[in-house]
Amino acid sequence: MSINISAPESHQDQIRALAAAAEQARGIDLEGEKKEKLVKSIKALLKSQNAVLVAHYYVDSELQDLAEESGGFVGDSLEMARFGLNSEADTVIVAGVRFMGETAKILSPEKRILMVETDAECSLDLACPIDQFNEFCDQYPDREVVVYANTSAAVKARADWVVTSSIALDLVKHLSDQDKKILWAPDKFLGAYVQKMTGVDMVMWEGSCIVHEDFKAVALKELMKAKPDAKVLVHPESPGPVIELADVVGSTTQIINAARDLDANTFIVATERGIFHKMAQAAPNKKFIPAPTAGEGATCESCAECPWMKMNDLQRLENVLNTGTNEILVDEKVRKKAARSITRMVEFNAKATD
Ligand code: SF4
């Protein structure tokens, strides 16, 4: 069974308008002396405030480097939240998008969580407002509610399980082995991929990532013909026909590991371009080519760059450290429920990898 529920057209237009506004507010790349001065000032502020910077793979390389140089961390959303939890810092500064700041707060309620930019959204999170999601869930009381990490704290609180792209297949298969039926939200492409691989009975919300949905299978096939020795690495938020062409389908961390471990020198990569920085560090002698977002019918609105991730920059980071603004707060009742859904996933993952 597969029923798709999509956000109304006007809502999708709103999401596109917010993405366009984010593009206009893109962070500024600094060079030379100005940049060095700013980096020095940020490092001193982090130290004096016992604060730590955690950055997602998709933010600009200068923020990723700064996070690591200053004792912080670069990773996927769950790894970022876990690092914040285990860190001795009083303040965690999140360079990423809003749901990542919320996830950090859910797991570390006693810490001060600041975002470099609170207007940095995610189209998957925006596509799944809690009121509509509650109505959807109420229609299917007999289903296990499984939501992707790219959702608000309120949606996580309504869920039975939160999953990341690295664990979605295993967890849904585990639930299916117990004869559970699934309600999945919000990514329709990841949901369709999980359903195809597991054959599980799922009803689905129909959100999408505005970056990954732009990858084009026809143009990718052409590129593969021109680069016959290249391996193709695809994030499962991409459309089904693109996923079908992949040598490896995986989360951001799994894609980086595949680039390092696979016996190939050239890779075509279908995920946000910020990840190329870490891939080049993990496999310095290998070549990485972005998968095409152009092709027949393509608008290339994102060109594989997330406009919200690209709002994060050094100047905004310094401002947040100077002013203490952009704090993330989550209602305690919501936080407790959301923490339960995340903790179940973490415990499942620990058992699965034992
Ligand atoms: S790349 Fe896509 S999934 Fe990731 S934050 Fe941007 S819009 Fe959301």
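Colleague: At about what angle to β10 does helix α13 run?
Modeller: In this predicted model, helix α13 covers residues 252–261 and lies across four strands, namely β10, β11, β12 and β13. Angles are taken between N-to-C directions on a scale from 0 to 180 degrees, and on that scale α13 runs relative to β10 at about 165°.

Colleague: Which strands are the edge strands of the open sheet?
Modeller: The open sheet has four strands, paired in parallel, in the order β11-β10-β12-β13. An edge strand here pairs on one side only, and that applies to residues 248–249 and to residues 287–290, which are β11 and β13.

Colleague: Which residue of β11 is the bridge partner of L233?
Modeller: Strand β10 spans residues 231–234, and its pairing with β11 is parallel, over two bridges. Within that pairing, L233 has as its bridge partner in β11 the residue V248.

Colleague: How many of the 11 residues of helix α10 are buried?
Modeller: A residue counts as buried if 20 or more other C-beta atoms lie within 10 Å of its own. In α10 this holds for K188, F189, L190, G191, A192, Y193, V194 and T198. The helix, residues 188–198, is therefore mostly covered by the cut-off of 20 or more C-beta atoms, and the number of its buried residues is eight.

Colleague: Which residue follows α10, and what is the sign of its phi?
Modeller: Just after α10 comes G199, with a phi near 70°. The sign of phi at G199 is positive.

Colleague: How many residues of the shell around the ligand are nonpolar?
Modeller: There are 14 residues around the ligand, of which C122, S123, C209, V211 and C306 come nearest. By class, the shell includes two polar and two charged residues, while the number of nonpolar residues is 10.

How values were computed. Residues are numbered from 1 along each chain as its sequence is written. This is a predicted model: local features need pLDDT of at least 70, side-chain atom pairs count only at pLDDT 80 or more; totals for chains, interfaces and linings use all residues. A residue is near a molecule or strand if its C-beta atom, placed from the backbone, lies within 6 Å of it. Ala, Val, Leu, Ile, Met, Phe, Trp, Tyr, Cys and Pro count as nonpolar, Asp, Glu, Lys and Arg as charged, and the others, Gly among them, as polar. Two strands pair if DSSP finds at least two bridges between them. Two residues are in contact if their C-beta atoms, placed from the backbone, lie within 7 Å. A residue is buried if 20 or more other C-beta atoms lie within 10 Å of its own, exposed if 12 or fewer, and partly exposed in between; C-beta atoms are placed from the backbone.
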